[in-house]
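Student: I'd like to go through how some helices pack in this model. Can we take the labels one by one?

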Amino acid sequence: MEQAIIYAACAIGAGISMIAGVGPGIGEGYAVGKACEAIGRQPEAKKDVTSTMLLGCAIAESTGIYGLVIALLLIFVAPGMFIGNLG
Amino acid sequence: MKVEITGAKIFFTIPYLNIPITETLVNAWIVMALLVAACIWMTKGMKVRANTKKQHLAEFLVNTVNKWVLDNMGERYAKSSFPPFIAALFAFSACSSLLGLFGLYPPTAALSTTLGWSIMVYVMITYTNIRTNKLSGYLKGLTEPVALLTPLNIISEVSTPVSMAFRHFGNIASGQVVSALLYGALLMLNNALFGWLPGALGQILTTIPIAQIGIPAILSIYFDLFSSIMQAFIFCMLTMNYISAAGQTD
């Protein structure tokens, strides 16, 4: 019974932690949209704009990646740890 | 049906020292051996005027990396021993992630590999910072703009290597997890489609998973090819940006 509760709680927590994926999605979409505008205005600067945009996207992505790491920990590591503590 | 998502397998443990030899370690050494072999092969029998394909390729690679470092960090670093470091980092990272294409466990899908690289880069950043601004300047930089923000500055110092490592690890590992889940789902679909067929026909069609053909390849283009090259590029780009920012006097 306790094990089932632990598994369920970890799964729900993993699902909730992936809400962190919303932010980077919006942010990266905005950044890419702005980059498209910049390229449309100045097509000769395409190379610089693209590499800067990719770098910015990678940095904006890190919060989403933190959420993913927490979710992976909750699914693969946390249940074993908590069940081990049950004794 | 069973979907197996595991970390690196432990092959054996060195006795007394208690060091586990994992798939990560073995595959990383395979990649290193391949890269060293490629370097030796390409630089063997070089001439002043390039007349072989491999020498043209080697010169192209070296020139590309030199120009890349020159564009991002300026003249001083492009002349130093920095481009070979970036080239090695990029090649190691990209080739490790690309191992996933061959069905091997990519070393970058383990946090220990990427955390090792990012700690190495962090040491280089801090060393450059201390060498440029002296120790007093570095410590003073932590208390800016007001002394009250020192704890937050220390947290942001620590978060640099952590975020670099997690970004690389998360992208590659999530690709592995999503691919494994997709394979499991397609196996279930295959069983649902053909499982009801009577007799030997149904048995043959369920043992050969036909639904798994083709569809994972499309996902693999993103997760294995695009993502691994992209993450190697971003890791090197961030390394260069951080180090050149640390090398600037204010």
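Tutor: Sure. Helix α5(B) and helix α8(B) cross in a right-handed way. This is a predicted model, where local features need pLDDT of at least 70, side-chain atom pairs count only at pLDDT 80 or more, and totals for chains, interfaces and linings use all residues. Residues are numbered from 1 along each chain as its sequence is written, with chains lettered from A and ligands numbered from 1 in the order in which they are written.

Student: What makes the crossing of α5(B) and α8(B) right-handed?

Tutor: A crossing gets that name if the near helix is turned clockwise from the far one by less than a right angle, and left-handed if anticlockwise.

Student: Why is α5(B) called roughly parallel to α8(B)?

Tutor: The axes of α5 (residues 111-142) of chain B and α8(B) cross at roughly 20° and come within 8 Å. Angles under 35 degrees count as roughly parallel, so α5(B) earns that label against α8(B).

Student: Which residues of α5(B) and α8(B) make the contact?

Tutor: Among them are B:Val121, B:Met124 and B:Ile125 of α5(B), with B:Tyr242 and B:Ile243 of α8(B). Contact means C-beta atoms, placed from the backbone, within 7 Å.

Student: And why is α2(B) oblique to α8(B)?

Tutor: Helix α2 (residues 53-73) and helix α8 (residues 215-246), both of chain B, have axes that cross at roughly 45°. Oblique is what remains outside under 35, over 145 and 65 to 115 degrees, so α2(B) is oblique to α8(B). B:Val69, B:Asn72 and B:Met73 in α2(B) meet B:Met240, B:Asn241 and B:Ser244 in α8(B).

Definitions and conventions:
Axes fitted to C-alpha atoms, helices over the stretch in contact; angles between N-to-C directions. Helix = DSSP H or I, 4+ residues; strand = E, 2+ residues; numbered from the N terminus. Contact = placed C-beta atoms within 7 Å.
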